[in-house]
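The following exercises are meant to be worked through with the sequence and the model in view. Please attempt each task before reading its solution.

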Amino acid sequence: MGNRSRATLTEVAERAGVSKATASKVLNGRPGVAEETRRAVREAIAELEYVPTTGPRESPAPQTIHVVFDTLLNMYAVYVLDGIISGGRELGVEVVTSSLEAETPGDNEPIGADRIKEIAAQGAAGLVLVTAQLTTAEMDTCEQLGLPLVVIDPANPLDERVTSLGATNWAGGVQATRHLLDLGHTRIGFAGGPPGSLPARERLHGYREALESAGIEVDPALTGAGKFYAETGAALTNQMLDLDDPPTAIFAASDSIAVGVIRTARQRGLEVPGDLSVVGFDDTYNAMWVEPPLTTVKQPLRQMGRVAARTVLDLAAGKVPDSHHVQLATSLVVRESTAPPR
């Protein structure tokens with residue numbers, strides 16, 4: 001027979017319905033693989049009569065990280081992706097990117113178990129999921145396939161099986177609101193993100209905490225929610241400015257929302273920050289190029305991407321993470337969109 005049809009590890013992984021990284025783990029006796037998965041890989045090895053070889057035919061291909069965004073139609077995604085690609089380059093791995101094709105960030109579409117199985121069958125070393133919803137069934141699928149998973153800014157709470165990465169959203173909400181309080185504002189609005197988004201809720205809680213600590217009662221008429229999009233900022237700003245006692249400042253849950261706040265305020269003849277101070281969240285290009293330049297809470301988005309790349313490869317190598325939820329610090333960047341009230 002010769003070696004004309006010698007099976008490869010990729011074929012073993014496909015037969016077993018797992019990632020190539022998981023098949024390699026089983027072959028090398030490494031931990032972190034469910035017994036059922038181990039059995040499926042061993043059966044595939046036997047059926048295909050797979051024989052490991054150190055010859056050139058089995059020289060390892062570069063490891064691949066698959067990254068799935070809920071949407072790529074925002075600057076947040078660009079910054080995170082830049083960090084992942086940079087981290088992958090440093091680690092010698094390839095990055096494959098796709099999205100769930102949500103029209104706007106915050107739609108929170110689930111990735112689906114079938115999509116996860118496809119990614120595992122392609123031989124991905126691991127999966128990084130960005131700002132998308134993750135169901136229990138999908139967590140189960142990753143666990144059963146032995147596919148390492150890291151979630152950046154998860155849209156919903158996750159259990160201890162999943163490693164997640166994010167910023168200190170609650171602390172960032174406190175930082176933004178305290179900055180406005182320190183300037184002398186007491187009527188402060190909150191233009192929030194999707195109610196189903198965990199980061200958006202944490203920013204809202206930070207806003208409330210800062211107000212309550214200052215002895216200011218939270219006015220429901222000054223809080224609203226929507227997608228992380230400029231249209232949300234526009235709609236909520238119009239609502240708040242129509243109040244008998246409108247706000248003198250608005251904290252927006254993202255830079256994109258803040259852009260909508262500023263544009264709408266100026267369309268209504270108000271000066272920013274003379275009549276209305278505005279704070280955003282993210283510190284993307286939007287913050288630097290909007291007029292006036294935006295005071296915002298800086299998220300370490302590129303660093304989050306680099307850390308995610310390193311973490312998912314550590315998981316693929318069988319390393320146990322020090323923490324299942326890593327939070328990177330936010331910081332307030334003061335520019336020209338905030339000032340004391342008149």
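Four exercises with worked solutions follow.

The structure is a predicted model, in which local features need pLDDT of at least 70, side-chain atom pairs count only at pLDDT 80 or more, and totals for chains, interfaces and linings use all residues. Residues are numbered from 1 along each chain as its sequence is written, and side-chain values use heavy atoms, with hydrogens and water left out.

**Exercise 1. The chain as a whole**

Task: State how many helices and strands the chain has, and what share of its residues is buried.

Solution. Step one: the secondary structure amounts to twelve helices and twelve strands. Helices (H or I, at least four residues) and strands (E, at least two) are DSSP runs, numbered from the N terminus. Step two: 53% of the 342 residues count as buried, where buried means under 20% relative accessible area, exposed over 50%, and partly exposed in between (1.4 Å probe, protein chains only). Step three: the C-alpha trace spans about 85 × 30 × 30 Å along its principal axes.

**Exercise 2. The six-stranded sheet**

Task: Give the strand order of the open sheet of six strands and identify its edge strands.

Solution. Step one: the order is β2-β1-β3-β4-β5-β11, and the pairing is parallel; two strands pair if DSSP finds at least two bridges between them. Step two: β2 (94-99) and β11 (325-328) are the edge strands, each pairing on one side only. From one strand to the next the twist averages 20°. Step three: within this order, β4 (residues 149-152) and β5 (residues 163-167) run parallel and are joined by three bridges, and Ile-152 stands opposite Leu-165 in β5. Step four: helix α12 packs on the sheet, touching β1, β3, β4, β5 and β11, and its direction makes about 165° with that of β4.

**Exercise 3. Two packed helices**

Task: Describe how helix α4 packs against helix α12.

Solution. Step one: two packed helices are described by the angle between their axes and the distance between the axes. Axes are lines fitted to C-alpha atoms, for helices over the stretch in contact, and angles run from 0 to 180 degrees between N-to-C directions. Step two: α4 (residues 75-91) and α12 (residues 301-316) pack at about 45°, with axes 7 Å apart. The two helices are therefore oblique to each other, since angles under 35 degrees count as roughly parallel, over 145 as roughly antiparallel, 65 to 115 as roughly perpendicular and the rest as oblique. Step three: the contact (heavy atoms within 4.5 Å) includes Tyr-76, Tyr-79 and Val-80 of α4, and Leu-301, Met-304 and Ala-309 of α12. Its residues divide into nine nonpolar, five polar and five charged. Here Ala, Val, Leu, Ile, Met, Phe, Trp, Tyr, Cys and Pro count as nonpolar, Asp, Glu, Lys and Arg as charged, and the others, Gly among them, as polar.

**Exercise 4. Two individual residues**

Task: Decide whether Thr-284 and Leu-181 are buried or exposed, and list what each touches.

Solution. Step one: Thr-284 is found in the loop between β9 and α11 (285-289). Because its relative accessibility is 1%, Thr-284 counts as buried. Not counting residues up to four places away in sequence, Thr-284 touches Met-75, Tyr-76, Tyr-79, Asp-255 and Leu-301. Step two: Leu-181 lies in helix α7 (residues 169-182) and is buried, with a relative accessible area of 16%. Leaving aside neighbours within four places in sequence, Leu-181 is in contact with Ile-188, Ala-210, Leu-211, Ala-214 and Ile-216.
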